[in-house]
Amino acid sequence: MSVEKDVSVVCFRQLLPTFLFPGKSHVGKNISDLNFSPGIPVFNGMDYNNPLTWIQAYRFLKAQKPDIIVLQWWTSSIAHMQLLLKIFAGFLNKPKIIIEFHEVVDPFEESILPIRLYSKITGKLLRKNLDAYITHSESDKELVAKRYSISPEKIHVIPHGLYDQYGELLDIKEARRNLSIKDDFVILSFGLIRKYKGTPYLIRAFEQLPPKILEKSRLLIVGEIWEDRKELLDQIKASPFHDKITLVDEYVPDEKVNLYFSAADVVVLPYLRASQSGIAHIAMSFGKPVVVSEVGGLKESMANYEGTFFVPPADIDSIREAILNQFGERKHYEAPDQKWDRIINCYIELIQSI
């Protein structure tokens, strides 16, 4: 099925006061190559601190007259702006409203009492009496239904599409030369570094590789550190193999993403918990083997990819063995059938059903 719909977009461009944002060093910088297709009206965008932009967003919606509004939920920091969009809808032609959950709850926000209370109150108001809810896995559907007392019949599971916008896979030798890597075996950990990502377990698993393998290996940890900076830096410094570990503490711009994945023999994601993983979707689009914890929605989203190698969370021995099994293999796997055309049709079917 292929159905065209008119689409317009409201962006959020300032999610927090800058000084509170862990990634404040790249606020305002052009780090994404993504652009909207010509002809798509875009309001760019609602600012956390600027009520004037909220009024402008209302005027934008009024001009567009949407039949459907799809809200994206991944953090409570934008809850008040999401609520405003819901309120604006009541002043317009009362469009149907859908909310899409990319995260059930953020563990960092959940750990801070004032944010937890704010998230609970605003989230409850936002989720009340919507027309449909979307999750990306059956496990998240169960969690959302239970945590937020939403009828499972109103929650629809739509898989997440692959992140395949980062260009072509480069020659592995060329990629490593550009990154000044001379090792034969490269283990990549990629993405924002947070406590639930399990990076310390990967480092310990790496240290326990056989000496002959370690001599030829490079642990490449790439991503902006958001939590536990001192602990991670101290662990790497104290490692007897710190000279075999490279930490790139930065938010990687789009044009460099394929460089790191092209250089890797295996991608390791030792998450302690997860709803989904954008990094796993990038790895699948590049056909890389992925060692990943068997948790949350990852058990579903990764199950049909032949390059998936599940390990129990926080299990250092299993992580080490899974990495060892990739040494010398250098296989390329076919990406699963999660192309955006098919995903879009799932959204259209849902929209037509409500």
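Let's start with the sheet built from 6 strands: it is open, pairs in parallel, and runs in the order β9-β8-β7-β10-β11-β12. Keep in mind that this is a predicted model. At the edges of that sheet you'll find β9 (245-248) and β12 (308-311); each has a single partner strand, so one side of each is left without a neighbour in the sheet. Going from one strand to the next, the twist averages 20°.

For a look at how the pairing works at one end, take strand β8 (residues 217-222). It pairs with β9 in the parallel sense, over 4 bridges. If you want a residue to click on, try Ile221, which stands opposite Leu247 in β9.

Now for what lies on this sheet. Helix α13 (residues 316-324) lies across β7 (185-190), β10 (266-269), β11 (290-293) and β12. Relative to β12, α13 runs at about 160°.

Helix α13 also has a helical partner. Two packed helices are described by the angle between their axes and the distance between the axes. For helix α7 (residues 199-207) and α13, the angle is about 60° and the axes are 8 Å apart. That angle makes α7 oblique to α13, and the crossing of the two is right-handed. Which residues of α7 and α13 meet? On the α7 side they are Tyr201, Leu202, Arg204 and Ala205, and on the α13 side Ile316, Ile319, Arg320 and Ile323. Sorted by class, this contact of α7 with α13 has 6 nonpolar and 2 charged residues, with no polar ones.

How does an annotation map onto this part of the chain? The unreviewed UniProt entry carries the annotation "domain: Glycosyl transferase family", which covers residues 173-328. In the model, that span is 38% helix and 18% strand, and its end C-alpha atoms lie 15 Å apart.

Next, the other sheet. Here 4 strands form an open sheet with parallel pairing, in the order β3-β4-β5-β6. Its edges are β3 (68-73) and β6 (155-157), each with a single partner strand, so one side of each is left without a neighbour in the sheet. On average, and ignoring direction, neighbouring strands of this sheet are turned by 25° against each other.

Inside this sheet, strand β4 (residues 96-101) and strand β5 (residues 132-135) run parallel and are joined by 3 bridges. One residue pair to check is Ile99 and its bridge partner in β5, Tyr133. Helix α2 lies across β3 and β4, running at about 170° to β3. Helix α4 packs on the sheet too, touching β3, β4 and β5, and its direction makes about 160° with that of β3.

These helices also pack on one another. Helix α2 (residues 79-91) and helix α4 (residues 113-127) meet at an angle of about 20°, with their axes 10 Å apart. The two are therefore roughly parallel to each other, and α2 passes α4 in a left-handed crossing. From α2, the contact draws on Ala79, His80, Gln82, Leu83 and Lys86; from α4, it uses Tyr118, Thr122, Leu125 and Leu126. What classes do the residues of the contact of α2 with α4 divide into? There are 5 nonpolar, 3 polar and 1 charged.

Technical notes. Residues are numbered from 1 along each chain as its sequence is written. This is a predicted model: local features need pLDDT of at least 70, side-chain atom pairs count only at pLDDT 80 or more; totals for chains, interfaces and linings use all residues. Side-chain values use heavy atoms; hydrogens and water are left out. Two strands pair if DSSP finds at least two bridges between them. Axes are lines fitted to C-alpha atoms, for helices over the stretch in contact, and angles run from 0 to 180 degrees between N-to-C directions. Contact means heavy atoms within 4.5 Å. Angles under 35 degrees count as roughly parallel, over 145 as roughly antiparallel, 65 to 115 as roughly perpendicular and the rest as oblique. A crossing is left-handed if the near helix is turned anticlockwise from the far one by less than a right angle, and right-handed if clockwise. Ala, Val, Leu, Ile, Met, Phe, Trp, Tyr, Cys and Pro count as nonpolar, Asp, Glu, Lys and Arg as charged, and the others, Gly among them, as polar. UniProt positions are given in the numbering used here, feature names are shortened, and annotations may be inferred rather than shown by experiment.
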